[in-house]
Amino acid sequence: MNLLKVRRRPGPAIPISERDRRLVWRIAALLLDYPGRETLALVGELSGATAELPPQVRENLDRFLRHLCDTDPLALAQQYVETFDLRRRASLHLTYYAYGDTRKRGMALLRFKHAYRHAGVELDDSELPDHLPVLLEFAATVDPIGGERLLGEHVPVLELLRLSLSDSGSPYADILAAVVATLPPLTTADRRRIAELAAQGPPEEEVGLDPFAMDPSLFTGSEGRR
């Protein structure tokens, strides 16, 4: 009698190879970063890299790359700030949706930091460890298994971010759609969690508590960034 059952990890929402998944994550990490000169200089190279990806993700990424080509760099910079820095429901910091700027967020951030350290990576002080481009780059170039695990744990947040960007007509919704397609499909529990997060919104800072007190090194150099 077989008493042990292997629990297999759910596959991606679309048929895609491991190589192509990592390529999508790497491209998305670059495109979700601030659209400075270095990022814009890569548009041609990135357009070529998407050529062999499955159409479900290629079309989304190509549409956003065309947007970068067709839009003035100053307008792109303004659009980025207005999208991700000024809207609470479009933060690229994954723990912000559940914890906001509260003390509990410190423990959630440690989950990311420990995963990076386990893979031999030490982040500098320029960004928090739950920043989506940082996590995508980690999953694409350092530890696909650990990175995928963290991405999978935050599928409801990623889908909520995609919906928020889509509702506001943001071109960045295409990038989130490509990322979500590389992860397991939403479950009933995921959909309940999305509804909860959407209804509650990010919690406000707890009066009298310092949200950075849990581990100040996590937040050094990141004041004002969510």
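1. Let's start with one residue and its surroundings. Setting aside neighbours within four places in sequence, Leu-32 is in contact with Tyr-80, Phe-84, Leu-92, Leu-132, Pro-133, Leu-136, Tyr-172, Ile-175 and Leu-176. Try finding these side chains in the view above. Please keep in mind as you look that this is a predicted model.

2. Where does Leu-32 belong in the wider picture? Leu-32 is among the residues with the most contacts inside the largest nonpolar core, together with Leu-31, Leu-132, Leu-136, Leu-151 and Leu-158. That core has 53 residues. In soluble globular proteins, nonpolar side chains tend to be buried together.

3. Now step back to the whole chain. How many helices and strands does the chain have? Its secondary structure comes to twelve helices and zero strands. Of the 226 residues, 46% count as buried. Among contacts between residues at least 6 apart in sequence, 72% join residues at least 24 apart.

4. Helix 10 is a good element to follow next. This helix covers residues 155–167, which makes 13 residues. From its first C-alpha to its last it reaches 18 Å, close to the 18 Å expected at 1.5 Å a residue. Just after helix 10, look for Gly-169, which takes a positive phi of about 75°.

5. Which residues of helix 10 are buried? They are Val-155, Pro-156, Val-157, Leu-158, Glu-159, Leu-160, Leu-161, Ser-164 and Leu-165. What covers them includes helix 5 (73–85), helix 6 (96–99), helix 8 (132–141), helix 9 (144–153), helix 11 (173–181) and helix 12 (188–200). You have already met one of these buried residues, Leu-158, in the largest nonpolar core.

6. Helix 9 deserves a closer look as a partner of helix 10. The two pack at an angle of about 65°, with their axes 4 Å apart. Helix 9 brings Leu-151, Gly-152 and Glu-153 to the contact, while helix 10 brings Val-155, Pro-156 and Leu-158. Sorted by class, the contact has four nonpolar, one polar and one charged residues.

7. Finally, a visit to Asn-60, found in helix 4 (residues 55–70). Is Asn-60 buried or exposed? With a relative accessible area of 12%, Asn-60 falls under the 20% cut-off, so this residue counts as buried. The side chain of Asn-60 reaches the backbone oxygen of Gln-56 at 2.9 Å. Not counting residues up to four places away in sequence, Asn-60 touches Asp-174, Ala-177 and Ala-178.

Technical notes
Residues are numbered from 1 along each chain as its sequence is written. This is a predicted model: local features need pLDDT of at least 70, side-chain atom pairs count only at pLDDT 80 or more; totals for chains, interfaces and linings use all residues. Side-chain values use heavy atoms; hydrogens and water are left out. Buried means under 20% relative accessible area, exposed over 50%, partly exposed in between (1.4 Å probe, protein chains only). A polar contact is a pair of N or O atoms within 3.5 Å; within protein, one must be able to donate a hydrogen and the other to accept it, and residues adjacent in sequence count only if both atoms are side-chain atoms. Contact means heavy atoms within 4.5 Å. The expected span of a helix is 1.5 Å times one less than its number of residues. A nonpolar core is a set of buried Ala, Val, Leu, Ile, Met, Phe, Trp, Tyr and Cys residues joined through side-chain atoms within 4.5 Å. Axes are lines fitted to C-alpha atoms, for helices over the stretch in contact, and angles run from 0 to 180 degrees between N-to-C directions. Ala, Val, Leu, Ile, Met, Phe, Trp, Tyr, Cys and Pro count as nonpolar, Asp, Glu, Lys and Arg as charged, and the others, Gly among them, as polar.
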